[in-house]
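Work through the exercises below with the sequence and coordinates open. Each task is followed by a solution in steps.

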Amino acid sequence: MTRLHFTRRGVMKTGAATGAGLALPIIFTGAAWAQEQGFTNAPTGDTVTLGFNVPQTGPYADEGADELRAFELAVEHLNGEGDGGMLQTFSSKALDGAGIMGKRVEFVTGDTQTKSDAARAAAQSMIQKDGAVMISGGSSSGVAVAVQGLCQDAGVIFMSGLTHSNDTTGKDKKANGFRHFFNAYMSAAAMAPVLESLYGTDRRAYHLTADYTWGWTQQESIAAATEALGWETVENVLTPLAATDFSSYIAPVLNSGADVLVLNHYGGNMVNSLTNAVQFGLKQAQANGKDFQIVVPLYSELMARGAGESIAGIPGSQNWDWKLENERGSRYIGTNAFVQSFGEKYGFPPSQAAHTCYAQTLLYADAVTRAGSFNPCAVVEALEDFEFDGLGNGPTLYRGSDHQCFKDVVVVRGKENPENEFDLVEIVEVTPTEAVTYEPDHPMFAGGELGECNPGA
Amino acid sequence: MTDRTDYTPAAATPPSRRAARDTILGLTKQDFSLLLVVIALAMLAPFLLNPFPSNSAMAQFNAGYPDLMQRFVIFGIFAIGFNILFGLTGYLSFGHAAFLGVGSYSCVWMFKLLGYNVLPGILLSIVVSGLFALLIGYVSLRRSGIYFSILTLAFAQMSFALAYSVLSNPAFNLTNGETGLQVYTSDPQWLQGDGPRAPHLFGLAMRETETLSIGAWNFQFNAGYYLCAVIMVVCFYLSVRLFRSPFGMMLRAVKSNQQRLNYTGVNARPYTLAAFVISGMYAGLAGGLLSAMDPLAGAERMQWTASGEVVLMTILGGAGTLIGPVLGAGFIKYFENIFSKINESTLHAWFSFLPDGLEDALVAIVYPFVGKGWHLTLGLLFMLVVIFLPGGLVQGGNKMATIFRRDRKGGGVEDDAATQRQAGE
């Protein structure tokens with residue numbers, strides 16, 4: 001027979017020991033929390049909370065820091081502080097600088113660490129704990145897709161930041177998610193005419209591709225676009241994402257019969273592979289009786305800074321550039337207003353990641369105001385097929401069938417003699433919207449469904 | 001607790017052991033108290049983790065929201081499992097994240113093929129990670145010490161690379177690469193029927209949350225959390241039984257001196273392999289639960305940083321102790337999710353009562369340690385713990401307890417393990 005030493009006193013002692021330090025001052029006031037019903041995190045009181053989820057640590061921390069600066073600036077402008085930035089040039093005049101629908105805008109931030117898990121955890125805490133009604137940010141497609149799916153399930157709006165993979169508004173598109181940034185297909189479509197005029201139609205391309213989702217969609221897009229010009233794709237070599245030394249991948253390029261090297265790399269990968277390629281003398285090399293060329297489809301100022309002198313003369317594409325209005329005229333109105341208020345606050349020009357995040361925040365606030373509700377379904381309706389101007393990209397359409405923005409794409413190349421560290425690229429061409437527009441059911445984007453908008457609770 | 005439930009399992013233990021000591025559910029009184037503490041902590045977590053009113057400035061430090069509570073217990077399970085291997089046998093595996101990842105993928109595949117009921121997914125994740133652990137353990141356990149660690153690390157990184165790119169090519173897409181494996185509307189889901197379109201247990205959706213509002217406090221009770229918490233308690237109970245069993249004693253023998261064991265004619269490998277597989281199954285279960293709470297499995301769950309994290313959790317809490325790993329898991333997850341969210345404007349709001357110059361100075365001093373600097377704070381705390389409390393947080397708890405106890409000589413619940421670990425260092 002078991003002898004129980006489990007006395008009442010023993011139980012109470014153990015209980016008291018653990019509970020004592022954690023005892024809760026619970027005050028019963030009887031007043032239940034008054035919550036407006038109908039959708040997740042309906043804002044009560046005189047404030048509304050937005051969640052900015054950016055990589056603060058990890059390989060894209062630089063992009064993340066710049067995105068966060070832009071978010072803070074956008075919130076400032078929405079609340080009527082500062083000089084108003086692009087609010088003055090934005091074609092929709094619904095926003096008046098008194099927050100969103102009279103509610104002062106507050107924000108919470110999180111660290112995605114460029115990992116889907118951490119990003120979803122941070123987004124969850126914004127939704128479940130801080131009551132965020134919109135999540136924005138992200139600096140990589142994997143993270144954007146992961147957080148977009150989460151927001152769809154939770155019933156909040158996701159305004160993605162820097163995400164370039166076709167999948168974000170392709171096979172992984174969601175009704176509650178919106179992308180202002182351009183994508184791999186648009187990069188390729190914008191670059192093709194420029195590549196033709198620079199290097200002609202008789203070229204043989206060798207691709208080095210980062211071995212993950214974004215790399216593949218980028219390679220697929222650029223190969224299709226260049227083959228349409230008459231180029232030949234000699235070989236596509238997949239490189240591991242973690243690779244830091246690309247010498248062994250570069251070495252065979254010269255003997256492969258190719259005369260163009262396409263680097264489908266981003267971030268640190270691109271900086272390293274380009275540096276290796278230049279060290280191997282590819283820029284001065286001759287092949288098939290032509291000058292050897294290097295192409296980097298997706299450019300960013302931060303990568304250009306990392307690659308230093310190697311970047312000179314190398315073409316690539318961008319969503320936006322801070323010199324756009326100065327060089328290409330008032331079609332790109334808004335650019336200077338944004339660059340000025342960003343520059344005044346932080347002392348240097350914004351990157352394209354900052355620009356897209358700023359624009360996304362304004363677009364969300366504007367959609368809420370026009371819809372007259374924070375309900376995600378009302379916001380989705382207000383954003384779908386919304387045409388606007390004055391956010392720095394010229395006339396833009398938020399297409400309803402896949403929630404992708406359609407606007408001009410900037411093709412740039414590295415400057416030969418940059419004057420300062422912020423002015424590393426020159427604008428070669430701005431490819432008009434029509435040239436980069438595609439059908440929603442284009443094979444590279446097929447397979448997904450937008451589904452129904454989800455207001456959550 | 002009725003006599004009946006106390007009696008039945010106790011009767012199942014061999015008569016010799018029953019006679020030797022008083023047991024409840026096969027546990028000694030001390031262990032049973034510990035189990036009760038764990039049960040109380042797990043069940044009352046929504047209250048314990050939300051000590052501040054939701055509109056106060058301190059609400060920043062509340063951790064009582066479903067997602068984080070789920071992570072606490074799930075990583076608790078992961079760490080308990082890891083502790084069975086590391087705490088008992090001393091074999092330091094640097095590749096345990098591989099099993100976490102395998103478990104996650106198995107569970108999501110069940111969602112894709114069968115439907116959103118979590119049960120098949122969780123069961124499959126345990127089975128698959130067990131088999132995977134058998135394979136890796138069979139090879140890795142041929143070596144010990146640092147060679148074993150490196151072998152497991154190599155296997156885990158290999159799994160990561162496979163999941164990240166090799167197994168996600170369009171022709172054979174097992175893991176969906178960087179984007180992470182998720183459920184699409186086009187998936188077959190043969191047994192889905194009319195169930196909820198989100199992970200559920202026989203109709204009870206995992207994300208179902210009841211909010212209890214008392215004054216300014218909001219307490220969230222989440223179905224998924226309670227499922228995880230119950231499983232964690234069961235896992236904890238099993239690990240206590242294992243620690244106290246003859247098998248556990250044999251594992252301790254492996255840790256203290258494997259050579260002597262070999263000379264006495266005992267082949268240690270079956271024991272270590274069993275421990276490795278059990279520990280792998282715990283990790284797989286944790287992975288399965290992660291997917292069951294949030295149906296997306298990413299490859300970075302397998303990365304070496306994730307393997308390192310569980311090692312940190314176990315050491316921080318106290319390797320070889322029963323409750324230590326759970327505490328360590330909670331500690332690290334708390335920092336990752338709460339401290340990383342404190343940004344510059346939050347700090348300004350806190351110190352706004354000070355004069356401007358002083359406010360800016362204070363913010364400048366504190367800022368590097370919060371927000372993106374949370375790693376730094378965690379690292380400093382980890383160093384402090386390792387230097388001053390080699391037995392982990394459990395040792396710290398015991399020290400505190402001794403100060404307040406009337407009879408200073410009385411031993412705490414986990415004294416043995418904590419001191420043993422100190423000696424082992």
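**Exercise 1.** How are α4(B) and α12(B) oriented to each other: roughly parallel or roughly perpendicular?

Solution. The model is a predicted one.
- Step 1: take helix α4 of chain B, residues 66-89, and helix α12 of chain B, residues 304-317; their axes lie 9 Å apart and make an angle of about 75 degrees.
- Step 2: angles of 65 to 115 degrees count as roughly perpendicular, and α4(B) and α12(B) are therefore roughly perpendicular to each other.
- Step 3: list the contact residues. α4(B) supplies B:Phe75, B:Phe78, B:Ala79, B:Phe82, B:Asn83, B:Phe86 and B:Gly87, while α12(B) supplies B:Val310, B:Met313, B:Thr314 and B:Gly317.
- Step 4: sort them by class, which gives 7 nonpolar and 4 polar residues and no charged ones.

**Exercise 2.** Find the residues that touch the most other members of the largest nonpolar core.

Solution.
- Step 1: the core has 242 residues, and B:Ile77, B:Phe78 and B:Ala286 touch the most other members.
- Step 2: by element, α4(B) gives the most to this core, with 15 residues.
- Step 3: inspect B:Ala286. Neighbours within four places in sequence aside, its contacts are B:Ile74, B:Phe75, B:Ile77, B:Phe78, B:Leu100 and B:Gly103.

**Exercise 3.** Describe the side of chain B that touches chain A.

Solution.
- Step 1: count the residues in contact, 47 of chain B with 45 of chain A.
- Step 2: assign elements. Those of chain B giving two or more residues include α1, α3, α4 and α7, along with strands β6 and β7.
- Step 3: α3(B) gives the most, with 7 residues.
- Step 4: the classes on this side of chain B are 18 nonpolar, 18 polar and 11 charged.

Definitions and conventions. Residues numbered from 1 in each chain as written. Chains lettered and ligands numbered in written order. Predicted model: local features only at pLDDT ≥ 70, side-chain atom pairs only at ≥ 80, totals over all residues. Axes fitted to C-alpha atoms, helices over the stretch in contact; angles between N-to-C directions. Helix = DSSP H or I, 4+ residues; strand = E, 2+ residues; numbered from the N terminus. Parallel < 35°, antiparallel > 145°, perpendicular 65-115°, else oblique. Contact = placed C-beta atoms within 7 Å. Nonpolar A, V, L, I, M, F, W, Y, C, P; charged D, E, K, R; others polar. Core = buried A, V, L, I, M, F, W, Y, C linked by C-beta atoms within 7 Å. Buried ≥ 20, exposed ≤ 12 C-beta atoms within 10 Å, placed from the backbone.
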